[in-house]
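Work through the exercises below with the sequence and the structure in view. Each task is followed by a solution in steps.

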Amino acid sequence: MPIHAELLRHATERPDKPAVVIDGGSLSYGELYSRAGAIYRFIQALPRSNGRSFDLPGVEKLVAVSLGNHIGFAEYFIAATALANACSVIDPMMPEATIERIVERLAPDALVVDDAASASAEIGRRLGVPVIVAGAEPFDLAATGDDMPVDAGGIFLIGFTSGTTAEPKAYYRSREQWRRSLDRGRLVFELQDAPSTLCPGALAHGLALYALVEALDAGATFHSIGKWDAGAVARILSSEKIERLVAVPTHIAGIARAWSEPMESLREVLTAGAKLNLNEVQSMRRLFPKARIREYYGASEIGFMTVSTLVGGATDFPIDRVGRAYPGVEISIRDPEENDVGTDVPGTIFVNSDLIADGYLWGDDGQAFRVTPAGATVGDLGEIDANGMLRVIGRAGGMMISGGNNVYPAEVESALKTCRGVEDAVVFGRPDPYYGQSIVAVVSGEAMDAKMLAEHCAGRLARFKIPRQFYHIGAWPMTSSGKIARGQVEASVISGDGLVLRLSA
């Protein structure tokens, strides 16, 4: 991790301050640093794997962590990323076959799990990888010794992101990239006074993992929860007087449904992963009346791209924009030949910055993240106005062609989310013999009238963009990162399995 020097300083200056609190379990900065040191020394004594088929320059030991939101996650992540080690974070909620393929390819020097009987543990043993069970360590966590190495360069993180295929892509990051990002983020997000932070998302995913690291870098107390529960998260926010909430919009919507009393202590809400809509912002203003509401747009491979303040800034940004470029980032919109198209013209979003990932270890299909002389892109489409405000239209691969017209799901979803009674929406295309693709919308909330939904869209969208079929869903299937499992929603419409209800006009 690129913050070992800061961790040592916090452990020395404020050893009793809580660093991590999850499900009632707590680790102080002193405990976190000393326990991570004991784990680091154990890792260093392990024999190196000889089964790795790819090169990781400068990496001595590679540790895979498949822990979920376990209180031991932070100490193992710190130990596994101390120079010159690297850590691969694996979501234990992935399908077993996917986990097995990842572990087999990585051939890590150790695999850390939360349960000796878990699928990840069984896979590790079957592949001959040393398995460490957090909480049942085969070594003394209280043992003392030399400090862990302070920050330096090199690869420290291997993460996984979904792309145009179901198989996760493995990207890798250097300490220098995250160090630059953290230094800027401390100023952009005003973390100098170390606000207590809650992020209920899965630590195996970028949003929560980065929130943990930036909180520890700032010397703050990081709160999370082992398993998503909106009511439990709301109680933590209220009882612990949390100052800062970092979450995806679906998590915040769940909190709003579970809790009605205003939370006066919260002064900052930061969202990412999906564009906020007006209904969500208004709901947050009621629930968090004293909070500044901000969102950022980014990608695991590219890092921060833009940041905006929707409520509480000197100037509130337009709701349909994701903000201006993050410090040190340049954004351009380009045509298929990668020519800059200028302002107010749709095209592919390209980024130039020093926060971009080094690349993929595997899974590079050339359809998403790529780096060219024009910059880096993940294939998102958007347009930028004369004030430097970016609007994201959607992903090129998600474009529908209906009646010969290009339609982007994100644009239709944004229009639906402004409709009274709509909490969230998913839009996709289905094969149609006349139109090529017929636009289908699935909504949640109180809105159950297809005619009203179509009329609402008609006031905001071109005629060819209005969905021809509307469905209602009571509860969205979710991914482990807190996003809507869009593929499952689409499959339910096709199969008629009862998860969704067809709305008649």
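The expected span of a helix is 1.5 Å times one less than its number of residues. The model used here is a predicted one.

**Exercise 1. Helix 6**

Task: Compare the expected span of helix 6 (residues 175-188) with the distance between its end C-alpha atoms. Then state which residues of helix 6 are buried, and describe the residue with positive phi that follows the helix.

Solution:
- Step 1. Helix 6 has 14 residues, and at 1.5 Å a residue it should span 20 Å.
- Step 2. The end C-alpha atoms of helix 6 are 20 Å apart, which agrees with the expected span.
- Step 3. The buried residues of helix 6 are Arg-175, Gln-177, Trp-178, Arg-179, Ser-181, Leu-182, Gly-185 and Val-188.
- Step 4. After helix 6 comes Glu-190, with a positive phi near 55°. Glu-190 sits in the loop between helix 6 and strand 9 (197-198).
- Step 5. Buried means under 20% relative accessible area and exposed means over 50%. Glu-190 has 39% relative accessibility, so it counts as partly exposed.

**Exercise 2. Another positive phi**

Task: Locate Ala-107 and decide whether it is buried or exposed.

Solution:
- Step 1. Ala-107 is not a glycine, yet its phi is positive, at about 45°.
- Step 2. Ala-107 belongs to the loop between helix 4 (96-106) and strand 5 (110-113).
- Step 3. The relative accessibility of Ala-107 is 9%, so it counts as buried.

**Exercise 3. Two helix pairs**

Task: Classify the crossing of helix 1 (residues 4-13) with helix 7 (residues 206-218), and that of helix 8 (residues 230-239) with helix 9 (residues 249-258).

Solution:
- Step 1. The axes of helix 1 and helix 7 come within 8 Å and cross at roughly 50°. These two helices are therefore oblique to each other.
- Step 2. Helix 1 contributes Glu-6, Leu-7 and His-10 to the contact, and helix 7 contributes Leu-216, Asp-217 and Ala-218. The contact residues are 3 nonpolar, 1 polar and 2 charged.
- Step 3. For helix 8 and helix 9, the axes come within 8 Å and the crossing is roughly 80°. Angles of 65 to 115 degrees count as roughly perpendicular, and helix 8 and helix 9 are therefore described in that way.
- Step 4. Ala-230, Gly-231, Val-233, Ala-234 and Leu-237 of helix 8 meet Gly-254, Ile-255 and Ala-258 of helix 9. This contact has 6 nonpolar, 2 polar and no charged residues.

**Exercise 4. An open sheet**

Task: Find which strands stand at the edges of the sheet with the order 25-26-27-28, and describe the pairing of strand 26 with strand 27.

Solution:
- Step 1. The sheet is open, has 4 strands and shows mixed pairing.
- Step 2. Strand 25 (422-432) and strand 28 (500-503) each have a single partner strand, so one side of each lacks a neighbour in the sheet. From one strand to the next the twist averages 30°.
- Step 3. Strand 26 (residues 436-445) and strand 27 (residues 469-473) run parallel and are joined by 4 bridges. Val-440 is opposite Gln-469 in strand 27.
- Step 4. Helix 13 (residues 486-495) lies across strands 25, 26, 27 and 28, at about 60° to strand 25.

**Exercise 5. An enclosed strand**

Task: Explain why strand 16 (residues 330-334) is described as largely enclosed.

Solution:
- Step 1. Of the 5 residues of strand 16, 4 are buried, so the rest of the structure largely encloses the strand.
- Step 2. Strand 16 runs antiparallel to strand 17 (residues 347-352), with 5 bridges between them. Ile-333 has Ile-349 of strand 17 as its bridge partner.

Notes. Residues numbered from 1 in each chain as written. Predicted model: local features only at pLDDT ≥ 70, side-chain atom pairs only at ≥ 80, totals over all residues. Heavy atoms only, no water. Axes fitted to C-alpha atoms, helices over the stretch in contact; angles between N-to-C directions. Parallel < 35°, antiparallel > 145°, perpendicular 65-115°, else oblique. Contact = heavy atoms within 4.5 Å. Nonpolar A, V, L, I, M, F, W, Y, C, P; charged D, E, K, R; others polar. Pairing = 2+ DSSP bridges. Buried < 20%, exposed > 50% of the residue type's maximum accessible area, 1.4 Å probe, protein only.
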